[in-house]
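Me: Got a minute to go through a structure with me? I'd like to talk about cysteines and aromatic rings.

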Amino acid sequence: MADFSATEIEAGRRLFAGEWNFLSAASSFASLPRMAGLEIAFAGRSNVGKSSLINALTGRKALARTSNTPGRTQELIFFSGPGAGRPVLVDLPGYGYAAAAKSKVAAWTKLIHEYLRGRATLARVYLLIDARHGLKDVDAAVLDTLGQAAVSHEIVLTKCDQVGAATLAERCEAVQAAMRKRPAAFPDLIATSAHSGAGIEQLRAAVARLLTEQRR
């Protein structure tokens with residue numbers, strides 16, 4: 001599990017206490033916004049909780065639109081942040097099952113992979129994994145793309161309040177063991193719950209640390 005100092009925790013709090021706003025939505029590679037600030041992307045299966053996590057990070061109840069319907073987010077949604085360099089959060093469409101036509105699912109899955117391979121300002125991808133289910137076969141394609149593109153990525157477990165402590169520990173161990181086989185994967189993971197707030201300050205600190213390192 002990632003470890004952060006009190007200074008890093010405070011830096012993360014300040015970063016996400018600032019103003020975050022909707023920037024752009026892109027339904028095709030050509031419609032992506034102009035590259036500017038460093039981008040932190042959140043990827044994961046449909047209904048894994050990406051939008052809820054972004055709302056928890058920013059302390060905003062409705063910055064990112066949430067839904068109980070898998071596949072509601074069908075575009076890449078960009079949110080601009082405060083401070084030097086204007087960091088950007090990116091909410092990627094969920095992959096895997098979605099309540100949409102197969103052609104649409106295929107189109108935005110293709111867009112996800114194009115974005116992950118071709119975005120020079122992409123600093124890290126947080127791949128969200130539901131703590132109740134762990135890694136699935138459908139996650140492998142995204143992990144393969146990230147590895148092939150040498151994009152820094154890290155696992156974030158979501159909905160950790162919905163499993164017991166022993167199950168969560170087993171899930172963390174299994175995920176970390178799988179990630180050790182992938183050289184581009186960040187070795188640590190962060191266990192979170194948008195509902196209880198567990199792990200949110202650690203994830204904020206991780207983003208703040210990353211931005212500081214990238215700007216040196």
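Reply: Sure, here is a quick run through the side-chain contacts, bearing in mind that this is a predicted model.

Me: How many disulfides turn up in the whole structure?

Reply: The search comes back with 0. Cys160 is in no disulfide, and its nearest cysteine sulfur, in Cys172, is 6.4 Å away.

Me: Why no bond for Cys172?

Reply: Because its closest cysteine sulfur, the one in Cys160, is 6.4 Å off, which is too far; a disulfide needs the two sulfurs within 2.5 Å.

Me: And is Cys160 buried or exposed?

Reply: Buried, at 9% relative accessibility. Cys172 counts as buried too, at 8%.

Me: OK, switching to rings. How many aromatic pairs are there?

Reply: The whole structure has 4. One of them is Phe16 with Trp20, a stacked pair with 5.2 Å centre to centre and 10 degrees between the planes. Phe16 has a relative accessible area of 2%, so it is buried, and Trp20 is buried at 1%.

Me: What about Phe78 and Tyr115, how are those rings arranged?

Reply: Their planes are at 80 degrees with the centres 6.2 Å apart, so that pair is edge-to-face.

Me: Where do the two sit in the chain?

Reply: Phe78 is in strand S3 (residues 76-80) and Tyr115 is in helix H3 (residues 102-118), so the pair links distant parts of the chain, 37 residues apart. Both residues are buried.

Me: Last one: which ring does the charged end of Arg124 sit over?

Reply: That would be the ring of Phe186, with the charged end 4.4 Å from the ring centre.

Note on methods: Residues are numbered from 1 along each chain as its sequence is written. This is a predicted model: local features need pLDDT of at least 70, side-chain atom pairs count only at pLDDT 80 or more; totals for chains, interfaces and linings use all residues. Side-chain values use heavy atoms; hydrogens and water are left out. Buried means under 20% relative accessible area, exposed over 50%, partly exposed in between (1.4 Å probe, protein chains only). Rings of Phe, Tyr and Trp (its six-membered ring) pair if their centres lie within 6.5 Å; planes under 30 degrees apart count as stacked, over 60 as edge-to-face and the rest as tilted. Helices (H or I, at least four residues) and strands (E, at least two) are DSSP runs, numbered from the N terminus. A charge sits over a ring if NZ of Lys or CZ of Arg is within 6 Å of the ring centre and within 35 degrees of the ring normal.
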